Amino acid sequence: MTTVLFASPRENGVTDAVTRVFLDGRDAVFFDLYALSPAPCTACNFCEGAARCAKRDLDGVFDAIRRSDRLVIASPVYNYSFPAPMKAFFDRLQVFYHHPAAPDPGRRCALLLCAGRTGVYASDLMRRQTRVAAEELGFCLTDVFLKPGTDAESGLTPSEEAALRELSAGFFIPAS
Ligand SMILES: Cc1cc2nc3c(=O)[nH]c(=O)nc-3n(C[C@H](O)[C@H](O)[C@H](O)COP(=O)(O)O)c2cc1C
């Protein structure tokens, strides 16, 4: 089962196009982070003892992720990091910080990023954030795709699309 965490506010933006090519029609449980608008973590520390978050708005997302063996995080770069709803989601993973899922190399996470600029981005930071979050959730961040330069050209070039399709084909191969 595949869970997608989609963090662009634009329904038909570049992140959407990249996600569609990556999924290539495969079934996935899709969560729109802007629609969900996760409540921010308030550091109440309830999760340390209770092994669940005191807030219940992400229960469905956490359930889907627990049942998944593929996790796709698709996001634009906003001010060198993730848009606010995705950052709120990461902060809400405190429960998994206190009670991490068992690491499983067969559970793979892919990070799909779109950036307006070319050259220097914050994707290193975003990779690190995602790697740690994925590990707490019991996944391994195995694949990262960055579509740069969308301020100038929003479409995928043929070589970008080919690279994305190749990444996708490898990502969805079932663990043996
Ligand atoms: C609030 C905001 C902040 C942004 N910050 C950055 C940035 O730091 N670096 C960058 O390369 N692009 C930045 N961008 C551009 C977006 O990453 C780019 O337009 C991306 O393609 C948007 O994806 P979408 O088409 O799915 O909305 C920013 C855009 C917005 C609206």
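1. In this predicted model, helix α7 (residues 123-136) lies across the strands β3, β4 and β5. Its direction makes an angle of about 155 degrees with β4.

2. The strands beneath this description belong to an open sheet of 5 strands, ordered β2-β1-β3-β4-β5 and paired in the parallel sense. The edge positions are held by β2 (29-32) and β5 (140-147); each has a single partner strand, so one side of each is left without a neighbour in the sheet. On average, and with direction ignored, neighbouring strands of the sheet are turned by 15 degrees against each other. As a general matter, the strands of a sheet pair through backbone hydrogen bonds, in a parallel or an antiparallel manner.

3. Strand β1 merits separate comment. It is mostly covered, with 4 of its 5 residues buried. Parallel pairing links β1 to β3 over 5 bridges, and L5 has I73 in β3 as its bridge partner. Parallel pairing also links β1 to β2, here over 4 bridges, and F6 stands opposite D32 in β2.

4. At the β5 edge of the sheet, strand β4 (residues 108-114) is joined to β5 by 7 bridges, and the two run parallel. Within this pairing, L112 stands opposite F145 in β5.

5. Helix α5 (residues 84-91) contributes the buried residues P85, M86 and F89. These three residues cover an arc of only 100 degrees around the axis, which puts them on the same side of α5. An α-helix has 3.6 residues a turn, so residues three or four places apart point the same way. The buried residues of α5 pack against β1 (2-6), α2 (33-36) and β3 (70-76); β1 and β3 are themselves paired in the sheet.

6. Concerning the ligand, 16 residues surround it, and those that come nearest are G13, T15, P76, G116 and R117. Classified by type, the shell consists of 8 nonpolar, 6 polar and 2 charged residues.

7. Is F172, in the segment after α8 (158-171), buried or exposed? F172 counts as partly exposed, because it has 16 C-beta neighbours inside 10 Å, whereas a buried residue would need 20 or more and an exposed one 12 or fewer. Leaving aside residues up to four places away in sequence, F172 touches R26 and R70. R26 lies 146 residues from F172 along the chain, yet the C-alpha atoms of the two are separated by 9.3 Å.

Methods: Residues numbered from 1 in each chain as written. Predicted model: local features only at pLDDT ≥ 70, side-chain atom pairs only at ≥ 80, totals over all residues. Arc of directions from axis to C-beta. Contact = placed C-beta atoms within 7 Å. Pairing = 2+ DSSP bridges. Axes fitted to C-alpha atoms, helices over the stretch in contact; angles between N-to-C directions. Near = placed C-beta within 6 Å. Nonpolar A, V, L, I, M, F, W, Y, C, P; charged D, E, K, R; others polar.
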